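I sat down with this model to look up its contacts, its overall form and its charged pairs. My entries follow in the order I made them.

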Amino acid sequence: MRERLQKCEADAIKYRQEKEDVTANLKSVEAVKEFLVTKVRDTEKVVKEKDEEMKRVKSKALTDQEVITFLDEKVKRLEKEVNDFKSNEHATRKEAHDMVSKNEKKVVVLTDMLRFERQQISANEKEWKAAKKVLIKEVKNCRARIVALEAEYEGCLQQNSQLKQGLLSFSQPGSPGKKSLKFR
């Protein structure tokens with residue numbers, strides 16, 4: 001009877017030890033689970049912020065595209081005006097030569113008018129060329145930013161997916177043994 005009692009006490013001590021081990025394992029798994037849930041929530045928040053930033057960038061890109069379209073139309077109109085001025089210049093020169101014989105003063109006035117028109121054309125050409133350069137630089141900067149944001153977004157999605165898979169592997173009942181997580 002004593003042997004049986006000692007055996008029962010030994011079994012009870014063994015079961016208490018196993019219970020303590022299982023309880024400690026359960027607490028550590030719960031702590032890891034809580035940490036990972038917090039990490040997933042933080043990552044989802046970052047992804048949401050990046051999505052909002054991408055929407056703002058896309059909106060800016062759309063606005064920039066509208067500005068570019070407007071400026072392209074303006075450039076075409078100015079080029080047409082330049083061509084019109086060039087064709088008018090030829091007619092004006094012919095008319096000026098005809099007028100030389102009639103009136104020297106009228107030729108001087110027409111020459112001054114022609115010089116003024118050329119200055120206006122030159123000023124307009126310089127203005128749209130400078131605006132075009134600025135817009136090209138801005139578009140290049142926007143495109144580079146979009147590429148960087150897309151890469152960062154993909155990285156966040158991949159990390160989020162890995163964290164979810166890690167959580168799912170811990171939360172599955174009947175998963176054998178301890179599993180180790182790899183974090184990047």
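**Contacts along the chain.** I first looked at how far apart in sequence the contacting residues are. Among contacts in the chain with a separation of 6 or more, 81% are between residues 24 or more positions apart. The model is a predicted one, and I kept that in mind for every entry below.

**Helices.** I checked the secondary structure next. I found two helices and zero strands in the chain. Helix H1 covers residues 2-102, and helix H2 covers residues 104-171.

**Overall form.** I looked up the radius of gyration and noted 39 Å for the chain, against a value near 16 Å for a compact globule of 184 residues. I then took the box along the principal axes, which the C-alpha atoms fill at roughly 145 × 20 × 20 Å.

**Surface.** I noted an exposed area of about 15400 Å² for the chain, with 55% of it supplied by carbon and sulfur atoms. Of the 184 residues, 16% count as buried.

**Confidence.** The mean pLDDT of the chain is 87, and I found that 91% of the residues score at least 70. In residues 177-184 the pLDDT is below 50, and this stretch has twelve contacts in the model beyond near neighbours in sequence. I draw nothing further from that stretch here.

**Glu53.** Is Glu53 buried or exposed? Glu53 counts as buried because its relative accessibility is 16%, and the cut-off for buried is under 20%. I placed Glu53 in helix H1. Which residues does Glu53 contact, leaving aside its neighbours within four places in sequence? I found Arg145 and Leu149.

**Salt bridges, overall.** I turned to the charged pairs. Side chains of opposite charge can pair when their charged atoms come close. How many salt bridges does the structure hold? I noted nine, and wrote up some of them below.

**Glu44 and Lys164.** This salt bridge has its closest N and O atoms 3.9 Å apart. The pair links distant parts of the chain, with Glu44 in helix H1 and Lys164 in helix H2, 120 residues apart. I looked up the accessibility of both partners. Glu44 counts as partly exposed at 35% relative accessibility, and Lys164 is partly exposed with a relative accessible area of 40%.

**Asp64 and Lys60.** In this salt bridge I read 3.2 Å between the closest N and O atoms. Asp64 and Lys60 are four residues apart in helix H1, so about one helical turn separates them. Asp64 is buried, with a relative accessible area of 14%, whereas Lys60 counts as partly exposed at 42% relative accessibility.

**Asp84 and Lys80.** Here the closest N and O atoms of the salt bridge are 3.5 Å apart. What separates Asp84 and Lys80 along helix H1? The separation is about one helical turn, because the two are four residues apart in that helix. For accessibility, I noted that Asp84 counts as partly exposed at 34%, while Lys80 counts as exposed at 53%.

**A network.** My last entry is on shared partners. Glu89, Arg93 and Arg118 are joined into one network by salt bridges that share partners.

How values were computed
Residues are numbered from 1 along each chain as its sequence is written. This is a predicted model: local features need pLDDT of at least 70, side-chain atom pairs count only at pLDDT 80 or more; totals for chains, interfaces and linings use all residues. Side-chain values use heavy atoms; hydrogens and water are left out. Buried means under 20% relative accessible area, exposed over 50%, partly exposed in between (1.4 Å probe, protein chains only). Contact means heavy atoms within 4.5 Å. A salt bridge is a side-chain nitrogen of Lys or Arg within 4 Å of a carboxyl oxygen of Asp or Glu. pLDDT is the predictor's confidence in each residue, from 0 to 100. The radius of gyration is taken over C-alpha atoms; the globule rule is 2.2 Å times the number of residues to the power 0.38. Accessible areas come from the Shrake-Rupley method with a 1.4 Å probe; for residues, only the protein chains shown count as cover.
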